[in-house]
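Here are some exercises to try with the model open beside you. Work through each task yourself before you read its solution.

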Amino acid sequence: LASNNKYSLMGGLRSCAQLVSYEVGLGLSIVSLVLAAGTLSTSEIVNQQSGTFAGLFPAWNVFLQPVGFAVFLICAFAENNRLPFDLPEAEPELVGGYHTEYTGIRWGIFFLGEYASMITMSALMVTLYLGGYHLPGLTTRDFGPVLTSLVSVGVFSAKVGAVIFFFMWVRWTLPRFKYQSLMSLSWKVLLPLSLVNLAVTAVIVAGRG
């Protein structure tokens, strides 16, 4: 790094190692979902979640792919560098990590980017696992084209807001993990869970065919 700052170097190294460790589990959880849905189209995945499951629960993928959702959720925290996985900028150890390289607006953009990433990840989670803009008993009604569109946008925005609140709630509640704890969790727990979930999903899909 240009400043020869050891804290920034360690923060960058941690960021790279963290990126590799959780991206594998994150990708495999999405692969399992796509395999179960039979399509890569996000709009089609959302439409498949419009009904109910067993007549009781919404037919959201969070109920059909609970293991994949759990892995995706944990990896989403690491993806966004949110507590308890904000290890690249661990203030007690690295004095802000790679943030020490910047000041002023450049420093602020890092934090704006983090929240933009959190909003994007929340929207992706709602789309893939939480039914998108569907809400049984509400979005199935015909309120007219304009009002129906507004209701759908409102439902989707409310779900995204709820996920963002959950991100913030966890940040206020849980302490930071140790660096080796995240590596162990990613490679020894999340990766095997993702592989098992993918294998089970493949067997179920093949059995249906």
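**Exercise 1. Find the residues of the largest nonpolar core that touch the most other members, and the helices that supply the core.**

Step 1. The structure is a predicted model, in which local features need pLDDT of at least 70, side-chain atom pairs count only at pLDDT 80 or more, and totals for chains, interfaces and linings use all residues. Residues are numbered from 1 along each chain as its sequence is written, and side-chain values use heavy atoms, with hydrogens and water left out.

Step 2. A nonpolar core is a set of buried (under 20% relative accessible area, 1.4 Å probe, protein chains only) Ala, Val, Leu, Ile, Met, Phe, Trp, Tyr and Cys residues joined through side-chain atoms within 4.5 Å. The largest one here has 33 residues, and Phe69, Phe72, Met125, Tyr129, Leu130 and Phe167 touch the most other members.

Step 3. At least two residues each come from H1, H4, helix H6 (104–129), helix H7 (145–173) and H8; helices are DSSP runs of H or I, at least four residues, numbered from the N terminus. H4 gives the most, with eight residues.

**Exercise 2. Describe the lining of the largest pocket.**

Step 1. A pocket is an open set of points on a 1 Å grid over the protein atoms alone, where a 1.4 Å probe fits, with protein on both sides within 12 Å along at least five of seven lines; lining residues have an atom within 4 Å of a point. The largest pocket has a volume (the space filled by probe spheres set on the points) of about 340 Å³. Of its 17 lining residues, Ala36, Leu64, Gln65, Thr201 and Arg208 are the closest to the centre.

Step 2. Now look for the helices: H1 (6–37), H3 (61–64), H4 (66–79) and H8 (179–208) each supply at least two lining residues. H8 contributes the most, six.

**Exercise 3. Where is glutamine 65 found, and is glutamine 65 buried or exposed?**

Step 1. Look in the loop between H3 and H4 to find glutamine 65.

Step 2. Glutamine 65 counts as buried because its relative accessibility is 7%.

Step 3. Check its contacts (heavy atoms within 4.5 Å). Leaving out residues up to four places away in sequence, glutamine 65 touches Ser32, Leu33, Ala36, Tyr129, Asn197 and Thr201.

Step 4. Tyrosine 129, one of the core residues named earlier, has its own set of partners under that sequence limit, including Gln65, Phe69 and Phe72.

Key
Nonpolar A, V, L, I, M, F, W, Y, C, P; charged D, E, K, R; others polar. Buried < 20%, exposed > 50% of the residue type's maximum accessible area, 1.4 Å probe, protein only.
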